[in-house]
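These are my notebook entries on a structure that I looked through step by step. I wrote down each thing I looked up and what I found.

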Amino acid sequence: MIPVLRLAPIAILALGAVACGPSYDQTDFNFRTSPPVPVSITNDRFTVTEGIAVGFIALPMSGSKEMEGEFRLETSDSTILGVSRGTADRSFVVWGVAPGTTTVRVRLDGEVEAQIPATVTAQ
Amino acid sequence: MNRYMGRVGATAVLAVWGTLGCTSANTTSGELNQGGFSYATVGDGRSDVASRTLTNDYGGNNPVPVLAVGGQFNVRFVPKSGGGSEWGSDQIIPAAPGLLAREGANLVAKRPGQSAILANDGSVVRDFVHVQVKLVDRVQLSRVDAGVETVLGDSETITLLAGQSSVDLAALPMSSVGEILAGSMPYAWSIEGDPDIVTLTSKGGYQNGLSAGTKAGKVTVVVRVAGQSSSFHVEVSQ
């Protein structure tokens, strides 16, 4: 009985570690293309001009570490902003469909981790 | 802005399929470098001057074709992987329907601006390319003699001999900065005056032929395209 009691703190610590796995902090964006007019893709806001597309790699981060899992970006309104996966791992393409505002959902393993406001400006 | 345009021009050039009927294909890389895009004429009896503006020799510095508002065109995409199969037109998606709209298998330039064309199979965007659209600002008329073009000045007069002379003509839609604009568009050629003096012998679209009739006199030839027109005079003498 005594050895079991001695191991209890270790077991509690181990359970805590499992429950407190890496938590999503932000997404890092790295452009793969140079759009003909500037666009802004950040954790705070997407700003894209109507008709303009940009390709980028998006990495979900916990602190300074890339997170594992199924990572997706989704548009809340595809009549304003288009969002699609690209061919490379964690690559995406975003394009302005029509002027307006919407949000981009950031999903990791099905869970919505963030909703980033998005604006499409007119040409 | 120019820095961005330069990059796009180097990496995202559309290629022309040359002549009406799409007999030759030259592709160049999309901006994601996942395949090649080709620009194709519509081939529906309308005209497209793209084959005049771009050659079939595509290096890295060729400009993206500039399209005319109202111009109709077709874009093909062949991915690098996938056995070289061309994608269907339903997988070629204009980014912004307000700028470029789909009409059947073709795209139509709706208003000035820049717009991406996406190769999208429904789940993945494989690649894309940007094109520029501009308004037709004026129509440049030229006479063509044995393949040599001479630009006709505004309201210039061409002199022909009755019953003998003929001349080929070309009407090019131009932007405000002097670019020849691509895209298939209807061209309306007409003669104002006595039809016995001069007749038009249609060669299709932006090209036309002019034949002197048997009667002497003076007429005006007018061509209209995309809301713009240009004219010149023809004087036929005996």
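**Entry 1: chain B as a whole**

How many helices and strands does chain B have? I looked this up and found two helices and 19 strands in chain B. I note at the start that I am working with a predicted model, and that every value in these entries is computed from it. I then looked up burial, and of the 238 residues of chain B, 50% count as buried. Chain B exposes about 9900 Å², and carbon and sulfur atoms supply 47% of that area. I also looked at contacts in chain B between residues at least 6 apart in sequence, and 61% of these join residues at least 24 apart.

One pair in chain B caught my eye while I was reading about contacts. B:Gly35 and B:Lys80 are 45 residues apart in sequence, yet their C-alpha atoms are 4.6 Å apart in space. I placed B:Gly35 in strand S3 of chain B, which covers residues 35–40, and I noted that B:Gly35 is buried, with a relative accessible area of 5%.

**Entry 2: salt bridges**

I began this entry with a general reminder that side chains of opposite charge can pair when their charged atoms come close. How many salt bridges does a search of the whole structure find? Over all chains, the search finds 10.

I took one that involves A:Glu50 and B:Arg111, whose side chains meet in a salt bridge with an N to O distance of 2.6 Å. A:Glu50 lies in the loop between strands S3 and S4 of chain A, and B:Arg111 lies in the loop between strands S8 and S9 of chain B, so this pair joins two chains. Are the two partners buried or exposed? A:Glu50 is buried, with a relative accessible area of 2%, whereas B:Arg111 counts as partly exposed at 29% relative accessibility.

Next I looked at B:Arg76 and B:Glu86, whose side chains meet in a salt bridge at 3.7 Å, N to O. B:Arg76 lies in strand S5 (residues 72–79) of chain B and B:Glu86 in the loop between S5 and strand S6, so the pair ties together parts that are 10 residues apart in sequence. I noted that B:Arg76 counts as buried at 18% relative accessibility, because the limit for buried is under 20%. Its partner B:Glu86 is partly exposed, with a relative accessible area of 40%.

I also wrote down the salt bridge between B:Asp145 and B:Arg143, where the closest N and O atoms are 3.0 Å apart. B:Asp145 counts as partly exposed at 32% relative accessibility, and B:Arg143 is partly exposed as well, with a relative accessible area of 22%. In chain A, I found a network of salt bridges that links A:Arg72, A:Glu74, A:Arg105 and A:Arg107.

**Entry 3: charges without a salt bridge**

Which side chain of opposite charge is nearest to the buried B:Arg126? I found that it is B:Asp121, at 5.0 Å, and that B:Arg126 has no salt bridge. The cut-off for a salt bridge is within 4 Å, so a distance of 5.0 Å does not meet it. B:Arg126 sits in strand S10 of chain B, residues 125–134. Leaving out residues up to four places away in sequence, I listed what B:Arg126 touches, and among them are A:Thr87 from chain A and B:Phe77, B:Pro79 and B:Trp87 from chain B.

I then turned to the surface, where A:Glu70, A:Asp109, A:Glu111 and A:Glu113 form a negative patch. I followed A:Glu113 a little further and placed it in strand S10 of chain A, residues 111–121. A:Glu113 is partly exposed, with a relative accessible area of 33%.

**Entry 4: positive phi angles**

Where in chain A is A:Arg90 found? I located A:Arg90 in the loop between strand S7 (81–85) and strand S8 (91–96). Its phi is near 55°, a positive value in a residue other than glycine, and A:Arg90 is buried, with a relative accessible area of 12%.

In chain B, I noted that B:Ala226 has a positive phi of about 50° although it is not a glycine. B:Ala226 is found in the loop between strand S18 (217–225) and strand S19 (228–237), and B:Ala226 is partly exposed, with a relative accessible area of 39%.

Technical notes:
Residues numbered from 1 in each chain as written. Chains lettered and ligands numbered in written order. Predicted model: local features only at pLDDT ≥ 70, side-chain atom pairs only at ≥ 80, totals over all residues. Heavy atoms only, no water. Helix = DSSP H or I, 4+ residues; strand = E, 2+ residues; numbered from the N terminus. Buried < 20%, exposed > 50% of the residue type's maximum accessible area, 1.4 Å probe, protein only. Lys, Arg positive; Asp, Glu negative; His and termini not counted. Contact = heavy atoms within 4.5 Å. Patch = residues over 30% accessible without salt bridge, like charges linked within 9 Å, V, L, I, M, F, W, Y side chains within 5 Å. Areas by Shrake-Rupley, 256 points an atom, 1.4 Å probe, with all protein chains shown as cover. Charge placed at Lys NZ, Arg CZ, Asp CG, Glu CD.
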